[in-house]
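Biologist: I have just opened this structure and do not know it yet. Could we go through it together, beginning with the charged side chains?

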Amino acid sequence: MEIKELMSREVVMIGPGESCLDAVVRMQRARVRHLPVVNRDGMLVGVITDRDLRHHLFAPRVFDTLGSTAVDVLLDGVRVAEIMSTAVVTVEAGASVGTAADIMRKHRVGSLPVVEDGRIVGIVTEVDILRQ
């Protein structure tokens with residue numbers, strides 16, 4: 001089976017200049033843990049995950065302000081580009097499910113943006129693969 005048969009085609013994305021609070025709201029509304037980050041031309045430039053956001057909040061310089069500053073204020077003051085991962089691991093739509101699973105295991109990631117010519121055409125998650 002190829003990834004294109006399994007991937008979600010409705011991908012929730014975000015821009016690098018948007019706030020981390022925007023990212024949290026989008027993740028919550030869509031019930032996802034990973035957001036591909038795309039530039040104005042629609043090209044994939046990164047990924048931000050719920051783990052990236054937690055790590056940001058637990059960074060010593062941020063964590064020290066948690067008692068005196070609301071979390072939404074802390075997240076609204078940081079752009080996605082500041083904490084996203086830029087070394088994005090992707091997969092092509094024609095790859096096999098086994099290949100995608102191997103890539104996810106090797107790189108220890110929970111999702112793979114599916115790309116064609118640098119543009120996102122879908123996303124596949126570990127849950128998608130486990131369901132299969």
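Biologist: How many salt bridges are there in the whole structure?
Modeller: A search of the whole structure gives six salt bridges. Please keep in mind that this is a predicted model.

Biologist: Why would such side chains pair in general?
Modeller: Side chains of opposite charge can pair when their charged atoms come close.

Biologist: What does Arg26 form a salt bridge with?
Modeller: The partner of Arg26 is Glu18, and their closest N and O atoms are 2.6 Å apart.

Biologist: How accessible are those two residues?
Modeller: Arg26 has a relative accessible area of 28%, so it counts as partly exposed. Glu18 is also partly exposed, because its relative accessibility is 24%, and the class runs from 20% to 50%.

Biologist: Which residue forms a salt bridge with Glu126?
Modeller: That is Arg33, with the closest N and O atoms 3.0 Å apart. This pair links distant parts of the chain, since the two residues are 93 residues apart. Glu126 belongs to helix α7 (residues 126-131), while Arg33 sits in the loop between α1 (20-30) and β1 (34-38).

Biologist: And what is the relative accessible area of Glu126?
Modeller: Glu126 has 33%, which makes it partly exposed. Arg33, at 38% relative accessibility, is partly exposed as well.

Biologist: Where do Arg105 and Asp102 lie?
Modeller: Both are in helix α6 (residues 97-107). They are three residues apart there, so about one helical turn separates them. The two form a salt bridge whose closest N and O atoms are 4.0 Å apart.

Biologist: Is Arg105 buried or exposed?
Modeller: Arg105 is exposed, with a relative accessible area of 61%. Its partner Asp102 is partly exposed, at 44%.

Biologist: Let us change topic to the sheet. In what order do the strands of the open sheet stand?
Modeller: Three strands form this open sheet, in the order β3-β4-β5, and the pairing is mixed. β3 (91-92) and β5 (119-125) stand at the edges with a single partner strand each, so one side of each has no neighbour in the sheet.

Biologist: How many bridges join β4 to β5?
Modeller: Six bridges join strand β4 (residues 111-116) to β5, and the two run antiparallel. Among the bridge partners, Glu116 is matched with Arg119 in β5, and Leu112 is matched with Val124 in β5.

Biologist: What about the hairpin of β4 and β5?
Modeller: Two residues lie between the strands of that hairpin, and Asp117 takes a positive phi near 55°.

Biologist: Is β5 mostly covered or uncovered?
Modeller: β5 is mostly covered, as five of its seven residues are buried.

Biologist: Which helix lies across β3, β4 and β5?
Modeller: That helix is α6, and it runs at about 125° to β4. This is the helix that also holds the pair Arg105 and Asp102.

Biologist: Another topic: where does Ile83 lie?
Modeller: Ile83 is in helix α5 (residues 80-83). Its relative accessible area is 18%, so Ile83 is buried, the limit being under 20%.

Biologist: What is Ile83 in contact with, its neighbours within four places in sequence left aside?
Modeller: Ile83 is in contact with Cys20, Ile48, Asp52, Leu53, His56 and Val78. As for His56, it is 27 residues from Ile83 along the chain, and their C-alpha atoms are separated by 7.2 Å.

Biologist: To finish, how many helices and strands are there in the protein?
Modeller: The protein has seven helices and five strands. From the N terminus on, the elements run α-β-β-α-α-α-α-β-α-β-β-α.

Biologist: And its overall dimensions?
Modeller: The C-alpha trace spans about 50 × 30 × 25 Å along its principal axes. The radius of gyration is 15 Å, which agrees with the value near 14 Å for a compact globule of 132 residues.

Biologist: How much of the protein is buried?
Modeller: Buried residues make up 39% of the 132 residues. The accessible surface comes to about 7,900 Å², and 49% of that belongs to carbon and sulfur atoms. Among contacts between residues at least 6 apart in sequence, 55% join residues at least 24 apart.

Technical notes. Residues are numbered from 1 along each chain as its sequence is written. This is a predicted model: local features need pLDDT of at least 70, side-chain atom pairs count only at pLDDT 80 or more; totals for chains, interfaces and linings use all residues. Side-chain values use heavy atoms; hydrogens and water are left out. A salt bridge is a side-chain nitrogen of Lys or Arg within 4 Å of a carboxyl oxygen of Asp or Glu. Buried means under 20% relative accessible area, exposed over 50%, partly exposed in between (1.4 Å probe, protein chains only). Helices (H or I, at least four residues) and strands (E, at least two) are DSSP runs, numbered from the N terminus. Two strands pair if DSSP finds at least two bridges between them. Contact means heavy atoms within 4.5 Å. Axes are lines fitted to C-alpha atoms, for helices over the stretch in contact, and angles run from 0 to 180 degrees between N-to-C directions. The radius of gyration is taken over C-alpha atoms; the globule rule is 2.2 Å times the number of residues to the power 0.38. Accessible areas come from the Shrake-Rupley method with a 1.4 Å probe; for residues, only the protein chains shown count as cover.
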